[in-house]
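Dear colleague,

Please find the structure below, handed over for your use. My findings follow directly after it.

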Amino acid sequence: MRKWEGKLSLSGESLLIILLVGLIAGWLAGKVVAGGGFGLIGDIAIGIIGSLLGSWLLPRLGFHIGASGIVSKIIVATIGAILLLFIISIITGGFQRRRRFW
């Protein structure tokens, strides 16, 4: 028997919060960086990856969000998603501006 056996237990409520925070953060980052969103799945993916990036990077840079709860999670995820989109735009040469036909 191993000394450290951990199981990842994720409830349906936790998964819903992660997806909701990812969606909001990805949408906000898309509005700031590219001028529009990236669709539902794209916004969620950018937000979740941005959340991981922000929660890893911001404490190492000395930034601590004073708010607690879901608001701080959205702020950190949005900052991380904006950083992620800037990195992607540097690598790929920028995002094309989208034309909207109404």
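Glycine 62, just after α2, takes a positive phi of about 90°. The model is predicted, so local features need pLDDT of at least 70 and side-chain atom pairs count only at pLDDT 80 or more, while totals for chains, interfaces and linings use all residues. Residues are numbered from 1 along each chain as its sequence is written, and side-chain values use heavy atoms, with hydrogens and water left out.

Helix α2 covers residues 39-60, 22 in number, and spans 31 Å from first to last C-alpha, close to the 32 Å expected at 1.5 Å a residue (1.5 Å times one less than the number of residues). Helices are DSSP runs of H or I with at least four residues, numbered from the N terminus. At glycine 54, α2 bends by about 25°, the angle between axes fitted to the seven residues ending there and the seven starting there.

Buried residues (under 20% relative accessible area, 1.4 Å probe, protein chains only) of α2 include Asp43, Ile46, Gly50 and Gly54. Their cover includes α1 (12-33) and α3 (70-92).

The largest nonpolar core (buried Ala, Val, Leu, Ile, Met, Phe, Trp, Tyr and Cys residues joined through side-chain atoms within 4.5 Å) consists of seven residues: Ala29, Val33, Ile46, Ala81, Ile82, Leu84 and Leu85. Its largest share, four residues, comes from α3.

Threonine 78 also lies in α3 and is buried, at 12% relative accessible area. Beyond its neighbours within four places in sequence, threonine 78 contacts (heavy atoms within 4.5 Å) Ala25, Leu28 and Ala29.

Yours sincerely

Terms used. Helices (H or I, at least four residues) and strands (E, at least two) are DSSP runs, numbered from the N terminus. Buried means under 20% relative accessible area, exposed over 50%, partly exposed in between (1.4 Å probe, protein chains only).
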